[in-house]
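Good morning, everyone, and thank you for making the time. Could you please bring up the sequence and the structure, so that we can walk through them together?

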Amino acid sequence: MTGRVIAVGGHESDGAAALTGVLGPEVVRVAGGRELVREVRSARAGGERVCVVPMTLGRDPSLVADAARTLLALDASERAGTVLAEPFGTTAHLVGWLRTLATRVPDDRALLVTAPSGDPFSDADLFRTARLVRQYGRHRTVEVALLGGDPGLAEGVRRCRALGAPRVVVLPAAWAVPEPTAVPHTEYGGPLLSGSAAAGVLTSRVREAQDRYERSGDDGVARALAADHDHGHAHSHGPDGHDHDHGHGHGHSHSHGHGDTHGTGPDPGGDHHHRTPSHAPRAGAEPPVRHQGAAPDLVPSHRSPR
């Protein structure tokens with residue numbers, strides 16, 4: 001039986017629009033919600049199996065949880081044969097991919113890690129990501145730019161130049177980062193992943209989701225519902241002394257489980273700040289491409305902030 005792969009995009013991909021040209025034409029790209037429901041229903045009505053892949057690069061856990069809630073709204077016949085894959089990437093993967101890009105940039109350039117602005121917590125994650133890229137790299141200046149946010153691209157470039165960099169290289173930390181052709185003193189260091197690398201990662205996610213479903217009947221929905229449970233004000237304890245044990249050890253623990261299996265190595269720092277560079281994803285490595293073929297029955301094709 002053939003199957004349909006549905007890639008769901010959020011703010012990192014401009015609602016999946018930026019995935020055009022990255023993913024093959026056989027992969028359906030949707031923004032979630034009603035678009036996702038419509039595509040799943042269409043596929044299931046035709047007897048196709050479905051795999052939904054949240055196309056976050058680690059900064060949009062709400063995309064994963066929202067996709068799970070959407071699938072819960074389907075009836076039993078539509079959910080049968082429909083699986084929700086693990087997110088395309090985690091922040092550990094993102095750091096590794098950015099570090100790979102950084103190895104191609106001359107040492108005298110500044111790096112400007114750039115992504116569309118999301119919520120305040122997603123934006124804060126981008127600063128954390130940039131700090132890790134600097135920690136485990138060789139560039140003295142690594143700054144952040146938020147498209148549609150603060151600091152914006154022009155301000156990010158200004159900061160880099162003020163710190164003495166003659167040129168600034170924009171490293172895309174999302175799917176939706178255009179080349180900065182109109183910004184003086186800048187170069188484009190992307191794309192984040194080549195088409196073949198993106199296809200390989202997508203195929204791996206699809207294969208894993210299908211295998212899990214066939215082994216145990218786990219469609220991935222229940223686990224994904226909790227993807228954003230520690231993302232937001234509920235886990236931001238202010239100066240009032242409120243502190244407690246949530247029982248899950250540390251925030252975003254779900255993002256550390258893929259490093260060894262998908263080629264980026266363990267989370268380079270993550271929430272474990274005692275790790276050394278030797279535990280970080282290996283610089284200079286091509287982004288992970290573990291399975292190049294189509295999945296069976298499913299065809300997918302700082303510098304510190306101031």
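**An aromatic cluster and the helix beside it in the talk**

Let me begin with Trp-175, which counts as buried because its relative accessibility is 11%, and the cut-off for buried is under 20%. Please keep in mind throughout that what we are looking at is a predicted model.

Trp-175 has a ring partner, and a search of the whole structure finds 2 aromatic pairs. In one of them, the ring centres of Phe-88 and Trp-175 lie 5.2 Å apart with their planes at 70°, and the pair is therefore edge-to-face, since planes over 60 degrees apart are counted that way. This pair connects distant parts of the chain, with Phe-88 sitting in the loop between β4 (82-84) and α4, Trp-175 sitting in the loop between β7 (168-172) and β8 (186-188), and 87 residues separating the two.

Phe-88 also takes part in a pair with Trp-97, and here the arrangement is tilted, at 6.0 Å centre to centre and 45° between the planes. Both Phe-88 and Trp-97 are buried, and for Phe-88 the relative accessible area is 0%. Taken together, the ring pairs join Phe-88, Trp-97 and Trp-175 into a cluster.

Trp-97 brings us to helix α4, because it is listed among the buried residues of that helix, along with others including His-93 and Arg-99. How many of the residues of α4 are buried? The count is 12 of the 12, so the helix is largely enclosed by the rest of the structure. Against which elements do the buried residues of α4 pack? They pack against β5 (110-116), α5 (120-135), β7 and α7.

One residue of this helix, Ala-92, is worth pointing out on the screen; it lies in α4, which covers residues 91-102, and it is buried, with a relative accessible area of 2%. Ala-92 and Gly-58 are 34 residues apart in sequence, while their C-alpha atoms are 7.8 Å apart in space.

We can also check the lengths of two helices. For α4, 12 residues at 1.5 Å a residue should span 16 Å, and the end C-alpha atoms are indeed 16 Å apart, which agrees. For α7, which runs over residues 195-216, the 22 residues should span 32 Å, and the distance between the end C-alpha atoms, 32 Å, agrees with that. After α7 comes Gly-217, which has a positive phi, near 75°.

Let me turn now to the backbone in some of the loops. A cis peptide bond, with omega about 5°, joins Asp-150 and Pro-151, and Pro-151 is placed in the loop between β6 (142-147) and α6 (153-162). Another cis peptide bond joins Gly-190 and Pro-191, where omega is about 5°, and Pro-191 is found in the loop between β8 and α7.

Finally, please look at the loop between β1 (3-8) and β2 (28-30), where Asp-14 is found. Asp-14 is not a glycine, and yet it has a positive phi of about 55°. Ala-16, which is found in the loop between β1 and β2, likewise has a positive phi, of about 85°, although it is not a glycine. Are these residues buried or exposed? Asp-14 counts as exposed, because its relative accessibility is 56%, whereas Ala-16 is buried, with a relative accessible area of 5%.

How values were computed: Residues are numbered from 1 along each chain as its sequence is written. This is a predicted model: local features need pLDDT of at least 70, side-chain atom pairs count only at pLDDT 80 or more; totals for chains, interfaces and linings use all residues. Side-chain values use heavy atoms; hydrogens and water are left out. Helices (H or I, at least four residues) and strands (E, at least two) are DSSP runs, numbered from the N terminus. Buried means under 20% relative accessible area, exposed over 50%, partly exposed in between (1.4 Å probe, protein chains only). The expected span of a helix is 1.5 Å times one less than its number of residues. Rings of Phe, Tyr and Trp (its six-membered ring) pair if their centres lie within 6.5 Å; planes under 30 degrees apart count as stacked, over 60 as edge-to-face and the rest as tilted. Contact means heavy atoms within 4.5 Å.
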